[in-house]
Every structure is written in structure tokens, then in C-alpha cells.
Amino acid sequence: MVDMTVTYAPSHGLGEEQSIWFKLSPLLAQENPMQVLMRLSDKYNGIIPVNLKNQRIVLLSKPEHAQRVLVENADNYTKYFDGLRPIFGKSMITIDGALWQKVRTPQQPAFHPAMFEQYFPYLMDSIRGKMARWEELAKSGETVEMVEETWTLAADMVCKALFDREMPFNPHFIFQQVKTYTDVGNHKSIRLHKVNGELEEITQGDVAKAMEVWDGVPDSVIGSGILEHREKTLLRMIEDAANDPDFPEFDHRQAIDEMKQYLWAGTETTALTLAWSLYLLSLHPESRERIREEVRSVCGERDPEWNEVNQLTYTRMVIQETMRMFPPVWALIRIAQEEDEIDGQKINPGDKVVVCTYILHHSEKYWTNPEAFDPERFSRERMKKRAKYSYLPFAAGKRACIGGALSQIENTLALVQLLRRFTPEYVGEGQPRLNATVTLTPRGGLPFRIKPIEAGA
Ligand code: HEM
């Protein structure tokens, strides 16, 4: 077999000087980076041009800006994923044009709603595994890191439902490796420039090592025991494309990178949403109780069945509200290919354009009392009144998330099942601070204690 090992030289790093994350670090490493961006957005009427030595980054924050970049003139704004190569390789999330379409087409059927019923038992199986672990945690009373808990659940769901495999790797270890890379604020290069060393600094060597471990994950999945030899799984679709002699671009490396993409894009985002929703529900016990009542009224005491998932409407609204308040992908980054004009601002070829989802989601122009947790804003009635492109957790246009609908099913099931048995209680000190890197994560994590429902309900 051809050795496909890739060694990631430090120059690929997210924290490297040429990376957009490095350049924005003076803004993003603030105590409350999102408040800073919101204030700047107000001051500059929604467009914040950041002029640097040899390039310009333009931060955008109005629905019409998102419409221009993601939909109307989408072909002019190509993907920017340079610092993320070690995470995503050359997978479809990173590429554009005809090749992107060609790579996406054979995988698209795995995300057709008709497939979700097939995935349902596997999702439930993963949740049962998590419940068994939480039984133990409820007995020991130990404090756990919630993002790590939900990350391991989401990774198990991807492996079982989409790849037809048991999760062969230790997800806690892999989670740490990925964080070593994506928590750019801890990278030594950025810390040296900006921040006092409150956390342990991560060196280039640590980063390269972590990414080598990550690169080995897909092969370990392919080599692990097949669960049920299902004929139509995402992994089969990827393998078929890689074996298709008429599709030379989709080689073994492409297959590995597609898997890495799912193991990150389908895991990190889903996990953050579930973790943030448990945080919000810990602050809003009345909402947690409504979820319990909803599942009781739909399913009684038994587990949900597939045809009942759509009836768990309040639970789904909680998830949607969570993604409004804490959009996992808080910024959509593109590079302008040709000149354009957005809202009176000239955009030059080469400008990096950043659609700030977080600002859109928290603007008083589009949301009443935006800092309040109010799942009902996603009721059918109120949604009709919402400004188009003011809510973009999955982006918009042709490059919108392929797995958005699936993630909401995963998280709906996880929430109802976990909450009917447990009361997860946030035990951090005060409001978590935000870490705005590739995703919006809680700085220092979300510490929780898991209580059995009798004790905490
Ligand atoms: C709460 C959960 C999720 C959120 C918030 C989310 C968000 C997003 C966003 C914002 C994008 C567009 C990125 C950009 O334009 O730069 C995206 C793309 C993508 N997502 Fe998701 N995602 C979620 C779950 C998933 C799941 C479950 C999967 C698959 C298992 C998935 C797979 C992908 C892929 C493959 C793309 C690239 C699509 C393309 O470029 O054609 N995502 N996601």
C-alpha cells in the first residue's frame, strides 16, 4: 500500500504569522472577543476593514452582506482554509468550483433525509453508551469537561451511523490532539506576541505531533470491525468514489481527507451545540423541565421511535436557540477573487472577507432582546417574521453545511435521552468566557457534574 502519511511542517500552523487567526489575534485574544467585535461593528456601521501590512481583512455583519458573499456573488468568494489543512486536508469543505461539485456529488446521497431513518438506531446506540458512562459519573460525582463528553458522543455517532464502524480510537485522546491544534490562542507564536501565559503554551512541535496522530485516525476507522455491512453508508460512497477509475481526482488521499473532514466538521460543531445547550439548560431549569415533559408526552416512558423525532419540537427550538447564542462556526471566511462592492465598501481581489455570524445572531436590529435565552423565537409563527440571512448557523447558499439537518436530529435525541435520566449541572465559576478561533469554544471548558434525575430534578 502506498504510504500516505503526511508530515505537517510547522509552517502549516494555525498560529503562524501568515494565518488569519494570527493576524486577528489582537482582536480575538481579548477578554470578551465577541463584545469587542460587536462594538466595532456598531461603530463602523456593520463593516470593519482591518488593514494590515500587506493585506486586508474585511469583517461583515449584516444580512445583506451574507447574502452577497454566500449567495448572490458566491463564485467570487472562494474558501479560505490555509491554516486548517492539517485538520481537513484537501476535503470538499476546503475546495471550490467544478472540483468541489464533483467531490460533493457522490457523498450527497448520505445526507438525503430518507437516509436518516437508517441512522436512527445507531444514533440511539451511541446515546445509550453515553448514558451508561453518565450512570458511573453520577455515582462518582466527579467533575467532567462537557465539551469533551459531547465530542466523544458526536464522534461515536459519525463512526457508527455514517461509517458503519465501531469507534476504534480513544476519543478523549483524539479530542486533546485536535484541541492542541485548534486552540490557537495557546500557540506559542500568538502568546509571545500578545497574551500573558495563563495557560500552558503549545509549541510547534506539539502541534505537528498532534496532527500526525489525527492523520492516522481515518485508517484506523477503515481498519476497524465493520458493524453491519450496510450497503449504503457514507464510507462506502467515499470508497466507491476512490475506486472509480473515471474519477482520478478522488484518490485514496481524498478519501482519507473526506473522513477527517467528517470526523471534525461533523463532530466539533455538533458537540459544541449540545454542550452549550446543556449549559443554557442548567441556567434555565424551567426549559429543561419542558423538554422532559415533551418527551414524556410524545413517548411516555419508552425510548423515542423514529417517527416521533419530528414531534420533539420544543427540544429542537432549544437547539436552534443555542446555535443562535453560541454559533459553533462564528465566522465564515472567504477570499475575494475579483473586485466587488458591498454596502458601499470596495472589496479588492485578495481581500479576506469574514461574515461574522455571531454579530448577526446577537444584533438588536434582527432579534428582540438578543442576549436572552428564548427558544420560542424559533416557533413557526415568530420565524416567519425573521429577517432573511440573519440566522446562519449552517451558512447559506450552495456551500451551506451538508450535515445541518442530521446534527439537529442527533442533538434532539441526545438532549431528550440524557435529560430524562440525568440533571447535568454547570459547576464553573460564573459565565464562561469565549474563545473565538475556528469555532466558538468555552475558554477553559465547561465543567459539569452529572446528577441522577431524582437528586437534581
Ligand atoms: C451543529 C452542527 C453543525 C454546524 C453548526 C455546522 C456548521 C457548518 C458551516 C457553517 C459550514 C459552512 C462553512 C463555510 O462556509 O465556511 C459547514 C459545512 C460543512 N459541514 Fe457542517 N455543521 C454542523 C454539523 C455537521 C455534520 C453533522 C456534518 C456531517 C456529518 C457536517 C459536515 C459538513 C461538511 C462536509 C461541510 C462542507 C460542505 C461543502 O463545502 O460542500 N456538518 N458546516
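Is N45 buried or exposed? In this predicted model, N45 turns out to be exposed, since just 12 other C-beta atoms lie within 10 Å, and a residue with 12 or fewer is put in that class. N45 sits in the loop that links α3 (33–43) to β1. Its backbone is a bit unusual to look at: N45 is not a glycine, yet its phi is positive, at about 55°. Y389 makes a good companion case, as this residue also has a positive phi, about 65°, without being a glycine. The loop in question here runs between α19 (380–384) and α20. Y389 counts as buried, because 20 C-beta neighbours fall inside 10 Å.

The strand that follows the N45 loop, β1, belongs to an open sheet of five strands. Reading across, the order is β1-β2-β8-β5-β3, and the pairing is mixed. The edges are taken by β1 (47–51) and β3 (77–79); each has a single partner strand, so one side of each is left with no neighbour in the sheet. On average, neighbouring strands are turned by 30° against each other, direction ignored. At the β3 edge, the pairing with β5 (residues 331–336) is antiparallel and runs over three bridges. For anyone following along in the structure, K79 is a handy marker, as it stands opposite R334 in β5. Helix α4 (residues 63–72) packs on this sheet and touches β2 (56–60), β3, β5 and β8 (352–356). The direction of α4 makes about 130° with that of β8.

What about the nonpolar interior? The largest nonpolar core has 116 residues, and the members that touch the most others are L60, V158, A275, V355 and C356. Helix α8 (residues 146–163) is the top contributor, giving twelve residues to this core. V355 is worth a closer look. Leaving aside residues up to four places away in sequence, V355 touches L60, H65, A66, V69, L70, A331 and L332.

A second open sheet has three strands, in the order β4-β12-β9, with antiparallel pairing. Here β4 (143–145) and β9 (422–426) are the edge strands, and each has a single partner, so one side of each lacks a neighbour in the sheet. From one strand to the next the twist averages 40°. On one side of β12, three bridges join that strand to β4, and the two run antiparallel; V144 is the residue opposite F448 in β12. On the other side, β9 and β12 (residues 447–452) pair in the antiparallel sense over five bridges. T423 has K451 in β12 as its bridge partner.

Turning to the ligand, 25 residues surround it, and those that come nearest are G266, T269, C401, G403 and S407. Which elements give two or more residues to this shell? They are α14 (252–265), α15 (268–283) and α20 (404–421). Sorted by class, the shell has 15 nonpolar, eight polar and two charged residues.

Finally, there is the helix pair α16 and α17. Packed helices are described by the angle between their axes and the distance between them. The axes of α16 (residues 285–299) and α17 (residues 313–325) come within 8 Å and cross at roughly 145°. On the α16 side, the contact is made by S287, R290, I291 and E294, while α17 brings in Y314, T315 and V318. By class, the residues of this contact divide into three nonpolar, two polar and two charged. The loop between α16 and α17 holds D303, which is partly exposed, given that 15 C-beta neighbours lie inside 10 Å. D303 also has a long-range relationship in sequence terms: D303 and V416 are 113 residues apart along the chain, but 9.3 Å apart in space, C-alpha to C-alpha.

Conventions. Residues numbered from 1 in each chain as written. Predicted model: local features only at pLDDT ≥ 70, side-chain atom pairs only at ≥ 80, totals over all residues. Axes fitted to C-alpha atoms, helices over the stretch in contact; angles between N-to-C directions. Helix = DSSP H or I, 4+ residues; strand = E, 2+ residues; numbered from the N terminus. Contact = placed C-beta atoms within 7 Å. Nonpolar A, V, L, I, M, F, W, Y, C, P; charged D, E, K, R; others polar. Core = buried A, V, L, I, M, F, W, Y, C linked by C-beta atoms within 7 Å. Pairing = 2+ DSSP bridges. Near = placed C-beta within 6 Å.
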